[in-house]
Amino acid sequence: MNTTFMSRLTRSVLPVALLVMTAAWQAPALAATNCAGGTCVFGGSGNDAMSNEEARQSKEQWNETQRLRALKNQRAEKDYSKYDNSVDLRDKCNASQNVNAYWEENTERCLDRRTGRQLLAP
């Protein structure tokens with residue numbers, strides 16, 4: 001009777017023990033490569049050529065995106081400065097003591113009514 005009990009126990013416990021042992025071995029391996037939804041630069045030991053290439057491409061894409069953002073911001077700042085200067089010039093032209101000075105909207109210049117030439121210092 002004792003041998004029957006041991007064989008039944010072995011048959012029922014052995015698969016569960018193997019499953020627990022496999023899960024215990026896999027948990028650290030998965031944790032080393034799965035960092036917050038794949039945001040790790042290097043997973044595992046760092047010797048995996050594919051993960052190194054993906055990290056290089058990701059860094060290259062980030063640098064390019066950052067460069068493009070900086071260019072876009074510079075362009076916006078330049079356009080704003082141009083607009084700001086235009087507003088200042090228009091205000092100066094309209095407040096000018098020269099009665100022949102007027103502001104041309106299309107060219108954004110202060111012109112002389114008589115000659116049509118640009119006034120440099122309204």
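## Exercises on a predicted model

L119 touches N98, A101, C110, L111 and D112, once its neighbours within four places in sequence are set aside. Keep that residue in mind, as we will come back to it. Please remember as you work that this is a predicted model.

### Exercise 1. Get your bearings

Task: Find how many helices and strands the protein has, and the pattern they follow along the sequence.

Solution:
- Step 1. Count the elements: the protein has 2 helices and 2 strands.
- Step 2. Read along the sequence, and the pattern is α-α-β-β.
- Step 3. Put residue ranges on them. Helix α1 covers residues 2-33, and helix α2 covers residues 49-94. Strand β1 spans 101-104, while strand β2 spans 109-112.
- Step 4. Look at burial and surface. Of the 122 residues, 11% count as buried. The protein exposes about 10500 Å², and carbon and sulfur atoms supply 56% of that area.
- Step 5. Turn to the contacts with a separation of 6 or more: residues 24 or more positions apart account for 6% of them.

### Exercise 2. Nonpolar residues, inside and outside

Task: Work out which residues form the largest nonpolar core, and which make a nonpolar surface patch of about 370 Å².

Solution:
- Step 1. Start with the general expectation: in soluble globular proteins, nonpolar side chains tend to be buried together.
- Step 2. Here the largest nonpolar core has 5 residues, namely C93, A101, W103, C110 and L119.
- Step 3. Return to L119. Its contacts include A101 and C110, and both of these are also members of the core.
- Step 4. Now look at the surface. F5, M6, L9 and V13 make a nonpolar patch of about 370 Å².
- Step 5. Check one patch member. F5 lies in helix α1. With a relative accessible area of 52%, F5 is over the 50% cut-off and therefore counts as exposed.

### Exercise 3. An aspartate in strand β2

Task: Decide whether D112 is buried or exposed, and find what its side chain approaches.

Solution:
- Step 1. Locate the residue: D112 is in strand β2.
- Step 2. Its relative accessible area is 8%, under the 20% cut-off, so D112 counts as buried.
- Step 3. List its partners. Apart from neighbours within four places in sequence, D112 is in contact with N100, Y102, R117 and L119.
- Step 4. Look for a polar partner: a polar atom of the D112 side chain lies 3.2 Å from the backbone nitrogen of R114.

### Exercise 4. From a loop to helix α2

Task: Identify the residue whose side chain makes a polar contact of 3.4 Å with that of E108.

Solution:
- Step 1. Place E108 in the loop between β1 and β2. At 42% relative accessible area, E108 is partly exposed.
- Step 2. Leave out residues up to four places away in sequence, and E108 touches S86 and W103.
- Step 3. The polar contact of 3.4 Å joins the side chains of E108 and S86.
- Step 4. Characterise the partner. S86 belongs to helix α2 and counts as buried, with 12% relative accessibility. Under the same exclusion of neighbours within four places, S86 is in contact with W103 and E108.
- Step 5. Check the spacing around V87. E108 and V87 are 21 residues apart in sequence, and their C-alpha atoms are 8.9 Å apart.

### Exercise 5. Tracing salt bridges

Task: Find which residues are linked in a network of salt bridges.

Solution:
- Step 1. Recall the principle: side chains of opposite charge can pair when their charged atoms come close.
- Step 2. The structure holds 5 salt bridges. One of the pairs is R56 with E53, whose closest N and O atoms are 2.6 Å apart.
- Step 3. Why are R56 and E53 about one helical turn apart? Because they are 3 residues apart in helix α2.
- Step 4. R56 also pairs with E60, the closest N and O atoms being 2.8 Å apart. E60 and R56 both lie in helix α2, 4 residues apart, again about one turn of the helix.
- Step 5. Join the pairs, and E53, R56 and E60 form a network.
- Step 6. Check exposure. R56 is partly exposed at 40%, E53 is partly exposed at 30%, and E60 is partly exposed at 49%.
- Step 7. For another pair, see R90 and D91, whose side chains meet in a salt bridge of 4.0 Å, N to O. R90 is partly exposed at 30% relative accessibility, and D91 is partly exposed at 41%.

Notes. Residues are numbered from 1 along each chain as its sequence is written. This is a predicted model: local features need pLDDT of at least 70, side-chain atom pairs count only at pLDDT 80 or more; totals for chains, interfaces and linings use all residues. Side-chain values use heavy atoms; hydrogens and water are left out. Patches are made of residues with over 30% relative accessible area and no salt bridge: like charges are joined within 9 Å, nonpolar side chains (Val, Leu, Ile, Met, Phe, Trp, Tyr) within 5 Å. Accessible areas come from the Shrake-Rupley method with a 1.4 Å probe; for residues, only the protein chains shown count as cover. Buried means under 20% relative accessible area, exposed over 50%, partly exposed in between (1.4 Å probe, protein chains only). Contact means heavy atoms within 4.5 Å. A polar contact is a pair of N or O atoms within 3.5 Å; within protein, one must be able to donate a hydrogen and the other to accept it, and residues adjacent in sequence count only if both atoms are side-chain atoms. A nonpolar core is a set of buried Ala, Val, Leu, Ile, Met, Phe, Trp, Tyr and Cys residues joined through side-chain atoms within 4.5 Å.
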